[in-house]
Amino acid sequence: MAESTTPTEAPCRVVSTCRQIRAQVAQLRSAGRTIGLVPTMGALHDGHLSLVAASNAECDATIVSIFVNPAQFDRHEDLQQYPRSLADDVASLQSYNVDVVFAPPETELYPGGFSTYVDPPAVAEPLEGRCRPGHFRGVTTVVLKLMNLIPADVAFFGQKDYQQAIVMRRMVEDLNLPVRISVCTTIREPDGLAISSRNAYLKGRQRQQACVLSRGLELADELVGAGERDAATLVARMRQLFADAEITRIDYIAMVHPETLEDIREINGPTLAAVAAYVGKARLIDNRLLGLATT
Ligand code: PAF
């Protein structure tokens, strides 16, 4: 196992073709090294780097994939505007123990004639699935492709994209993939805002408004701590907080079971509070396991 999670100055190799990444994986495997995969769409931030650190801690070698996956964008405009910064991303990974960066062009993963997709599990249907039709079909398809190209021991995902992590766990289980899914804590700004590539879209006072997502989740947690059990009341109190901050475009505020993601009416057991809302043109998501310390 790797000995340290502290950044080092080992250079990482950047490859862009399926043939090259397979060769890199074969080399690492023949050296007997365990592999951690950190799938990303680039625009790397501290949240991604915490996944890299987790991989470094658990695996001998870490591979980061950087690919803005067109199949998971429901809106063309969003895909066009998604931040791309490969050179900066690679630079930020240089000081970490990353062995290989896999940054393929679109034609490498979706060559002409590509037409096979993964039908996502039922847990992909509510929340993000309802608001972003086709999103999880794109995610499951690209992650399965990445896992086939990079048969890792462990794949790392962030809790900020909670539903994505649950979808991944289900897919791995259902399709008997020999990889473990590790879900890492959400990394937050000092004021609570969950770190996300989409925070770059926040302008001026929107940055302040955006804190209301995590504050709303905190409020729900406090109310549960004070004995509130009615999910509708929690949602209403969060909606009021959002309205006070002039956040009116809300995709969902939901209290759901943390594994099935089914709606919960009374908080009598494990509950995930999840929210998706627009602040300006940034669609932000966040979540919190109620009754637990920090998430
Ligand atoms: O979380 C992301 O950045 C993406 O959904 C992922 C897992 C890299 C698949 O494109």
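Let's start in the middle of things, with strand β3, which covers residues 61-66. Six of its six residues are buried, so the strand is largely enclosed by the rest of the structure. Keep in mind as you look around that this is a predicted model. The side chains of β3 split into two sets: Ala61, Ile63 and Ser65 point one way, while Thr62, Val64 and Ile66 point the other way, and all of them are buried.

Who sits beside this strand? On the pairing front, β3 has strand β2 (residues 35-40) as a parallel partner, with six bridges between them. If you want a spot to anchor your view, find Val38, whose bridge partner in β3 is Val64. To get from β2 to β3, the chain runs through helix α2 (residues 46-58), and this β-α-β crossover is right-handed. β3 also pairs with strand β4 (residues 100-102), again in the parallel sense, over three bridges. Here Ser65 is the residue to look for, as it stands opposite Phe102 in β4.

Now for the nonpolar packing. In soluble globular proteins, nonpolar side chains tend to be buried together. In this model the largest nonpolar core has 49 residues, and the members that touch the most others are Ile21, Leu109, Met147 and Ile150. Helix α7 (residues 135-149) is the top contributor to this core, giving eight residues. Met147 is worth a closer look: setting aside neighbours within four places in sequence, it is in contact with Leu37, Ala155, Met171, Val172, Leu177, Val179 and Ile181. There is also a second, separate core, this one of 35 residues, and Val68, Tyr82, Ala210 and Leu213 are among them.

Next, swing over to strand β6, residues 180-184, where you'll find Ser182. Is Ser182 buried or exposed? Its relative accessible area is 11%, and since buried means under 20%, Ser182 counts as buried. Leaving out residues up to four places away in sequence, Ser182 touches Glu58, Val154, Ala155, Phe156 and Phe157.

Phe157 turns up again at the ligand, as one of the residues around it. The others there are Pro39, Thr40, Met41, Asn69, Gln72, Val142, Val143 and Gln164. Two glutamines in that group deserve a zoom. Gln72 has a polar side-chain atom 2.6 Å from an oxygen atom of the ligand. For Gln164, a polar side-chain atom lies 2.7 Å from an oxygen atom of the ligand.

Terms used. Residues are numbered from 1 along each chain as its sequence is written. This is a predicted model: local features need pLDDT of at least 70, side-chain atom pairs count only at pLDDT 80 or more; totals for chains, interfaces and linings use all residues. Side-chain values use heavy atoms; hydrogens and water are left out. A nonpolar core is a set of buried Ala, Val, Leu, Ile, Met, Phe, Trp, Tyr and Cys residues joined through side-chain atoms within 4.5 Å. Buried means under 20% relative accessible area, exposed over 50%, partly exposed in between (1.4 Å probe, protein chains only). Helices (H or I, at least four residues) and strands (E, at least two) are DSSP runs, numbered from the N terminus. Contact means heavy atoms within 4.5 Å. Two strands pair if DSSP finds at least two bridges between them. A crossover is right-handed if, with the strands pointing away from the viewer, the path from the first strand over the helix to the second runs clockwise. A residue is near a molecule or strand if one of its heavy atoms lies within 4 Å of it. A polar contact is a pair of N or O atoms within 3.5 Å; within protein, one must be able to donate a hydrogen and the other to accept it, and residues adjacent in sequence count only if both atoms are side-chain atoms.
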